[in-house]
Amino acid sequence: MMRTNLQRLMAARGRGVVKELSEQLGRHRSVVSRWRRGQSFPERLDAERLIVIFAADGLDFNGIYQPTEEPEPLPVAGDLAPGGE
């Protein structure tokens with residue numbers, strides 16, 4: 001599945017992130033929700049503000065606009081056959 005780093009970061013913060021970001025950015029919740037779902041992208045001013053908000057997570061312009069491949073999840077120990085087969 002292709003998602004942007006912004007989408008991943010928003011998903012990691014949970015459902016309340018839409019309300020939180022909409023209040024911080026002065027944008028309607030539906031606009032921020034579309035960013036979270038990848039249906040639209042923030043304009044430059046909003047992108048700059050998002051980079052500041054997510055600075056600790058290393059978000060940059062590429063992470064807002066360029067989707068990347070999701071890494072494959074690591075297998076859970078219980079999913080492996082006995083003997084590592």
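Helices are DSSP runs of H or I with at least four residues, and strands are E runs of at least two, both numbered from the N terminus. The model used in these exercises is predicted.

**Exercise 1. The overall plan**

Task: State how many helices and strands the protein has, and give their pattern along the sequence.

Solution.
- Step 1. Count the elements. There are five helices and two strands.
- Step 2. Read along the sequence. The pattern is β-α-α-α-α-α-β.
- Step 3. Look at burial. The protein has 85 residues, and 28% of them count as buried.
- Step 4. Look at the surface. The accessible surface comes to about 5900 Å², and carbon and sulfur atoms hold 53% of it.
- Step 5. Look at the contacts. Take those with a separation of 6 or more: residues 24 or more positions apart account for 53% of them.

**Exercise 2. Helix α1 and its surroundings**

Task: Find which residues of α1 are buried, and which elements they pack against.

Solution.
- Step 1. Apply the cut-off: buried means under 20% relative accessible area.
- Step 2. List the residues of α1 that pass. They are Leu 6, Gln 7, Arg 8, Leu 9 and Met 10.
- Step 3. Find their packing partners. These buried residues pack against β1 (2-3), α2, α3, α4, α5 (61-65) and β2 (68-69).
- Step 4. Step just past the helix. Gly 14 takes a positive phi of about 90° there.

**Exercise 3. The nonpolar core**

Task: Identify the residues that touch the most other members of the largest nonpolar core, and say which elements build this core.

Solution.
- Step 1. Start with the membership. The largest nonpolar core has 16 residues.
- Step 2. Pick out the best-connected ones. Leu 6, Met 10, Leu 21, Leu 50, Phe 54, Leu 59 and Ile 64 touch the most other members.
- Step 3. Trace the elements. Two or more core residues come from each of α1 (5-12), α2, α3 (29-37) and α4.
- Step 4. Find the largest share. Helix α2 gives four residues.
- Step 5. Follow one member outward. Leaving aside neighbours within four places in sequence, Ile 64 is in contact with Thr 4, Leu 6, Phe 41, Pro 42, Ala 47, Leu 50, Ile 51 and Leu 59.

**Exercise 4. Salt bridges within helices**

Task: Locate the salt bridges of Lys 19 and Arg 44, and explain how the spacing in the helix fits.

Solution.
- Step 1. Recall the cut-off. The side-chain nitrogen must lie within 4 Å of the carboxyl oxygen.
- Step 2. Test Lys 19. Its side chain meets that of Glu 23 at 3.7 Å, N to O.
- Step 3. Test Arg 44. Its side chain meets that of Glu 48 at 3.2 Å, N to O.
- Step 4. Check the spacing. Lys 19 and Glu 23 are about one helical turn apart, because they sit four residues apart in helix α2 (residues 16-25). Arg 44 and Glu 48 are also four residues apart, about one turn, in helix α4 (residues 44-53).
- Step 5. Use the general rule. An α-helix has 3.6 residues a turn, so residues three or four places apart point the same way.
- Step 6. Compare exposure. Lys 19 is partly exposed at 46%, while Glu 23 is exposed at 54%. Arg 44 is exposed at 55%, while Glu 48 is partly exposed at 33%.

**Exercise 5. A salt-bridge network**

Task: Work out which residues are joined into one network by salt bridges that share partners.

Solution.
- Step 1. Take the total. The whole structure has five salt bridges.
- Step 2. Take one of them. Arg 13 and Glu 20 form a salt bridge, with the closest N and O atoms 3.5 Å apart.- Step 3. Check both for exposure. Arg 13 is partly exposed at 36%, and Glu 20 is partly exposed at 35%.
- Step 4. Place Asp 57. This residue lies in the loop between α4 and α5, and is partly exposed at 44%.
- Step 5. List its contacts. Not counting residues up to four places away in sequence, Asp 57 touches Leu 9 and Arg 13.
- Step 6. Name the network. Arg 13, Glu 20 and Asp 57 are joined through salt bridges that share partners.

**Exercise 6. The aromatic pair**

Task: Count the aromatic pairs, then classify the pair of Phe 41 and Tyr 65 as stacked, tilted or edge-to-face.

Solution.
- Step 1. Count. There is one aromatic pair.
- Step 2. Read the geometry. The centres of Phe 41 and Tyr 65 are 6.1 Å apart, with 50° between the planes.
- Step 3. Apply the cut-offs. Under 30 degrees is stacked and over 60 is edge-to-face. The pair is tilted.
- Step 4. Place the rings. Phe 41 is in the loop between α3 and α4, and Tyr 65 is in helix α5, 24 residues apart.
- Step 5. Check exposure. Phe 41 is partly exposed at 41%, and Tyr 65 is partly exposed at 32%.

Terms used:
Residues numbered from 1 in each chain as written. Predicted model: local features only at pLDDT ≥ 70, side-chain atom pairs only at ≥ 80, totals over all residues. Heavy atoms only, no water. Buried < 20%, exposed > 50% of the residue type's maximum accessible area, 1.4 Å probe, protein only. Core = buried A, V, L, I, M, F, W, Y, C linked by side-chain atoms within 4.5 Å. Contact = heavy atoms within 4.5 Å. Areas by Shrake-Rupley, 256 points an atom, 1.4 Å probe, with all protein chains shown as cover. Phe/Tyr/Trp six-rings, centres within 6.5 Å; stacked < 30°, edge-to-face > 60°.
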